[in-house]
Amino acid sequence: MMNSMSNNTLFTVYICVVVPICLVVPICLLFIKKRRSRKNLPPGSLGFPIIGQSLSLMRAMKANAAEEWFQKRIRKYGPISKLRVFGNATVFIYGEAANKFVFSSDGKKLCNGQNQSLRRIMGEQNLLELNGVDHKRHREAIMSFLKPDSLKKYVDKLNDEVKLHIETHWKGKQEITVFRLMKTLTFNIICTLLFGIERGSRIDVLLHWFEDMIAGMISIPFNLPFTRYNLGLKASRKVEKALKELIAEKRRALEQKLADPQQDLITCLLSFRDQISGEVMSEKEIVDNIKVVMVAGHETSSVLLTFMMRLFALQPSIYASVLQEQEEIARSKQKGESLTWEDLGKMKYTWRVALETLRMYPPVFGTFRKAVSDIEYDGYLIPKGWQVFWVAAMTHNDEKIFPEPFKFDPSRFENQSAIPSYCYVAFGAGHRICPGYELAKIETLVAIHYIVTQFTWELLADTNVTRFPYLMPTQGLPIKITPRLKV
């Protein structure tokens, strides 16, 4: 009897004391661990769930004050701080070391990983999201078409597209809105050159959907009717359906020997086979990468061309030097003769002007990476799963890197090797440099050649700029154009 009571007492003690201790101690240890880790988090506030500082940042982007917005954070917190943007806990980092950290990452600490809005709209099987072997495979597939040796064959097509665009949208006009026309031109080039889509309603509808997609990518991920995010998701689904139909057409043409594997980017991706694994690209991978290439090629080049024309109107001396270079090339051509790859190589000053334009007005303000594991950076903890955000303009406008950063000076790029690594990041850097760099270059040079040798222009409105939902003049840059005399 006594033994039974003793056992009951021990059991009661065990239940009342030992079990709670076993439950509470791990919780306390976890809490202490979190408390310790939180002490090492970067300074700043995450703000409200989901929203955080998104609304404040978007207001600053709309007013073209996003750089000042981040400068205030730097003055308050230093070169690293935490915040919440576009639904995710984020660490903002700044400077040459930060850029190097982002662009030289091997995927073990930082991996590709965009904000939720962009990821859901653009898909998860593209260069912006993939890492390691998959990223390398996709990049090789895309570069097999976009490398310079391949692009040489398409200079004639670019000539034809630009000439037709000018004939259709510029000739006989007195006033035009530059940004809208540059977006039309670059989208037509992307569609016809890279995807073999003929001009007409198909391209017009795709352009409309892409505008909604791009607007939705920079938005708070509230999937409510009529929000930018909701409209972006709907547009993305429409684009995906159209691209799948196009891929099916290209696949049939390849099977029937009616198309060449290097005919356009889609046939190239359909024909690509990894040299090591023998793996081919799935339909989902092709669709997601096409969306990325179309958005990147469309946005970057249209912004660059628009801001170069804005610059020429504001700085006549720069325009005169570009015109002189282009007229010399025009005089070397027979009447009606198109530009060649060799001609583009002579446009050195024009390209330096383009690079300086991109320095001052980078189309991509910044982008995200994702922490694969807990990372110690600059004495602080970046927790696993958090976003890491870097901003291109923060080094582009650093006077320690670029003296008198707000002065337009193309001579900065006469010796590009003198610019510190990971400081000029208009096209990315390191092994993460944009695969469409060469296409953007030849597209820009061909367009500028025909525009400056055929027209002069003057601004019809103010030159205010916004960065929301993307970089653009607030009024689209309306200009009055006048035909130039033939060279």
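This section describes the overall dimensions, sheets, helices and cores of a predicted model.

The protein has 487 residues, and 53% of them are buried. Its secondary structure comprises 18 helices and twelve strands. The C-alpha trace spans about 115 × 60 × 45 Å along its principal axes. The accessible surface amounts to about 23,500 Å². Carbon and sulfur atoms contribute 55% of that surface. Among contacts with a separation of 6 or more, 72% join residues 24 or more positions apart.

One open sheet contains five strands in the order β1-β2-β8-β5-β3. Its pairing is mixed. The edges are formed by β1 (80-85) and β3, each of which pairs on one side only. Neighbouring strands in this sheet are turned by 40° against each other on average, with direction ignored. At one edge, β3 and β5 (residues 366-371) pair in the antiparallel sense over three bridges. Within this pair, C111 has K370 of β5 as its bridge partner.

At the other edge, β1 and β2 are antiparallel and share six bridges. R84 stands opposite A89 of β2. The two strands form a hairpin with two residues between them. In this hairpin, F86 takes a positive phi near 50°. Although β1 is an edge strand, six of its six residues are buried, so the strand is largely enclosed by the rest of the structure. Both faces are covered. I80, K82 and R84 are buried on one side, and S81, L83 and V85 are buried on the other. Helix α3 (residues 66-77) lies across β1, β2 (88-93) and β8 (387-391). The helix runs at about 135° to β1.

Another open sheet has three strands in the order β4-β12-β9, with antiparallel pairing. Its edge strands, β4 (175-177) and β9 (455-459), have a single partner strand each, so one side of each is left without a neighbour in the sheet. The twist from one strand to the next averages 40°. Strands β4 and β12 (residues 478-483) pair over three antiparallel bridges. T177 has P478 of β12 as its bridge partner. Helix α9 packs on this sheet and touches β4 and β12. Its direction makes about 65° with that of β4. Helix α18 lies across β9 and β12 and runs at about 85° to β9.

I442 belongs to α18. Its relative accessibility is 3%, so I442 counts as buried; the cut-off is under 20%. Leaving aside neighbours within four places in sequence, I442 is in contact with L151, L158, W341 and L344. I442 and D204 are 238 residues apart along the chain, and their C-alpha atoms are separated by 24 Å.

Helix α6 covers residues 132-146. At 1.5 Å a residue, its 15 residues should span 21 Å. The expected span is 1.5 Å times one less than the number of residues. The end C-alpha atoms are 21 Å apart, which agrees with this expectation. Several residues of α6 are buried: H135, R137, H138, R139, A141, I142, S144, F145 and L146. Their cover includes the strand β3 (110-112). It also includes the helices α7 (148-151), α9 (178-195), α12 (265-271), α13 (283-314) and α18 (437-454).

The largest nonpolar core holds 112 residues. W170, L194, F195, F312 and W457 touch the most other members of this core. Helix α13 supplies the largest share, 15 residues. Beyond neighbours within four places in sequence, F312 is in contact with I318, Y319, V322, V353, I448, V452 and W457. W457 is thus named twice here, as a contact of F312 and among the residues that touch the most other core members. A second, separate core has 21 residues, including V91, A98, W390 and A392.

Conventions:
Residues numbered from 1 in each chain as written. Predicted model: local features only at pLDDT ≥ 70, side-chain atom pairs only at ≥ 80, totals over all residues. Heavy atoms only, no water. Helix = DSSP H or I, 4+ residues; strand = E, 2+ residues; numbered from the N terminus. Buried < 20%, exposed > 50% of the residue type's maximum accessible area, 1.4 Å probe, protein only. Contact = heavy atoms within 4.5 Å. Core = buried A, V, L, I, M, F, W, Y, C linked by side-chain atoms within 4.5 Å. Pairing = 2+ DSSP bridges. Axes fitted to C-alpha atoms, helices over the stretch in contact; angles between N-to-C directions. Areas by Shrake-Rupley, 256 points an atom, 1.4 Å probe, with all protein chains shown as cover.
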